[in-house]
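Student: Got a minute to go through a structure with me? I'd like to take it piece by piece.

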Amino acid sequence: MKATPLNQIHRQLDARMVDFGGWDMPVQYSGVIAEHQAVRSAAGLFDVSHMGEIEVSGPQAFDFLQYAMTNDVSTLVDGQVQYTAMCYETGGVVDDLTLYRFAADRYLLCVNASNSDKDFSWLQGLQKGSDFIDLILVNRSPEYAQLALQGPVATKILSKLTTVNLAEIKFYHFAEGDVAGIQTIISRTGYTGEDGFELYCPATEGVKLWQELMSVGLPFGLKPIGLGARDTLRLEKGYALYGHEITAEIMPLEARLAWITKLKKRNFVGQAAIIKAKQAGLLRKQIALTLTTSGVPRAGYPVFCQGEKVGHVTSGTLSPSLKKGIALAIVPATIADSDQPLYIGIRNHRILAERTVLPFVQ
Amino acid sequence: MDFPEELKYTEEHEWILVEDDIATVGITDFAQDQLGDVVFVELPEVGDNVEAGETFGVVESVKAVSDVYAPVSGEVIEINEDLLDEPETINNSPYDAGWMVKIKLSAPELLEGLMDVSSYQEFVEKD
C-alpha cells in the first residue's frame, strides 16, 4: 500500500487507518462528527498528500489544456485556479481536477489520488501522435506533500506562519511563499465549503509543515481531520466525488457540472458527444434528496418512484450539521423534473425523500 | 477498553447479561469503538421471535453499517426505544444505557456457546 509522507504522524495520533484506493490513509482521529464540527466552527487540518500533481508546460501547454479540459482555460490569469474536468470522447469523465496557472506556458493539475496514474497516461495518450509536440508532461505527485487547512479560523492560523498577505489571495487564487520557512504553494481552495487553504510543499517538508500548523493552530481549536469527515463536509455542500457523482459513464451535464463544461469553446475531448446528448435531451439528472425520517442513505441504495426502481444514490450520509440523512442520486431527467414522490430503499424499508436545493448546508 | 466480568460475549461482539430466563443484549465497547459515532439504530419489535445467529438489528455509524446478531433464541420482550432518538448512547454507555433488547430465552442451553470475559478479551486481542 502507498503511504503519504505523513503516515507516521497519523499513526502517532492513533488515527484509524484504511485502504483508500491503494493508499494507507486516516479515516478518523477523534471521531467523524467531532472532526466535522471542528471544521465548521473552527478549523481542521487534512493530509491530502495522496492527491496527484501533474505539471504541463511548454509553448503548447495552453492549447493542449484547452483541448483536454472541459472548462475554458483562457479565462485564467497567472496565480488563478480553476475547477475543471477531463472527458473521454464518449463524454464520460476521466477525472475532475483543479488547474493552476503559474504562467501562460506552465500549469499544475491537482487530480484525484486513485486517478493519478490513469490521468497521466491519458494526457500522454492525447499528446502522442498529435500536433502537441512542444509540450512537457511531468507527473510530480511523489514530489509534493499537500495539506488542507480548512475552517473559519484557517486564515488566522496560517497568518501566524507566513508573511504572505493572505487577504490578497482571493478564492480560487494562489501565491507562492514561505510558510514556517518552507517554500509552499498557498492556494485558497478546498473541498469543505469553508474558507481555507490547500498547501503544497516538498514531500520532505510535509511533516514539519503539519507540526508547525498543528502547534500554532491548537489554541484556535485546530484538529486533525480524516477522510470520514472530508466526505461528510463535501457532501453537505453537494460537491461531486469522482467514482460517485461523476464516472466514465456519467457526463458532466448529468452531474450538475454544466458550469465547468464550456460547450461554446473550440473543440475539446468529449465535446461532440456532450453536445449531441444535450441536443437529444439529457436522459439522466442528478438530484439532491433529504430523508423525511431517520435513516442513513448510502451510495448504491435504490431510488423508487411509483413503486419502480428509477435510479440510485451516488453519495449519501447522515449530515452532522442537519442531523438528517442526505443524498445525491441519479435518476431519469423526467422524474428529476417532476414532483412525484421519491423513496430511498434502505434494506427492506422505503423512506420518503424530499428534493432539496443544494447546498444541503449553507 | 472495558469488558465487564458478569457478561457473556459473542464473536460478533455482542454482550449478553442473563438473569433467570431473560437475556439483555447490546454491543461491546470494542464494537462501538470500531464503528465510531453511532448515528442510527434499528431494533426488532416487541413480540418478535429471534433465532440465535440471525440478525435482529442494525447499528450504523457515519461510515459503516453493522448487523447485530441474536446471540440467543427467544421472544423480544422489551426494546430500548431511547436508542432510536439518541443512538450515540451506544458509544457513551455500551453496557448500561446502550442496551438494545431483552429476550425471553426459548433454549437456555444455547448459552453454552458464548464466551466468558477472558476468552472474549483474548478473541479481541487476536482480531
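**Chain A and its contact with chain B**

Tutor: This is a predicted model. Over residues 7-265 of chain A, the chain is 25% helix and 31% strand, with the end C-alpha atoms 42 Å apart.

Student: Which annotation covers residues 7-265 of chain A?

Tutor: An unreviewed UniProt entry gives "domain: GCVT N-terminal" for residues 7-265 of chain A.

Student: OK, helix α3 of chain A. How many of its eight residues are buried?

Tutor: Six, so counted with 20 or more other C-beta atoms within 10 Å of their own. Helix α3(A), residues 61-68, is mostly covered. The buried residues are A:Ala61, A:Phe62, A:Phe64, A:Leu65, A:Tyr67 and A:Ala68.

Student: And what do the buried residues of α3(A) pack against?

Tutor: Four strands and a helix of chain A: β4 (52-57), β5 (80-87), β6 (93-103), β7 (106-111) and α4 (116-127).

Student: Switching to β10 and β11 of chain A. Do they run parallel or antiparallel?

Tutor: Antiparallel, with six bridges joining β10(A), residues 174-179, to β11(A), residues 182-187. A:Ala175 is opposite A:Ile186 of β11(A).

Student: What's in the turn?

Tutor: The two strands form a hairpin with two residues between them, and A:Ala180 in that turn has a positive phi of about 55 degrees.

Student: Now the contact with chain B. How many residues come from each chain?

Tutor: Chain A gives twelve residues and chain B gives seven. On the chain A side, β2 (23-28), α2 (32-41), α7 (227-236) and β16 (308-319) each supply at least two residues.

Student: What classes are those chain A residues?

Tutor: Five are nonpolar and seven polar, with no charged residues on the side of chain A that touches chain B.

Note on methods:
Residues are numbered from 1 along each chain as its sequence is written. Chains are lettered from A and ligands numbered from 1 in the order in which they are written. This is a predicted model: local features need pLDDT of at least 70, side-chain atom pairs count only at pLDDT 80 or more; totals for chains, interfaces and linings use all residues. Two residues are in contact if their C-beta atoms, placed from the backbone, lie within 7 Å. Ala, Val, Leu, Ile, Met, Phe, Trp, Tyr, Cys and Pro count as nonpolar, Asp, Glu, Lys and Arg as charged, and the others, Gly among them, as polar. Two strands pair if DSSP finds at least two bridges between them. A residue is buried if 20 or more other C-beta atoms lie within 10 Å of its own, exposed if 12 or fewer, and partly exposed in between; C-beta atoms are placed from the backbone. UniProt positions are given in the numbering used here, feature names are shortened, and annotations may be inferred rather than shown by experiment.
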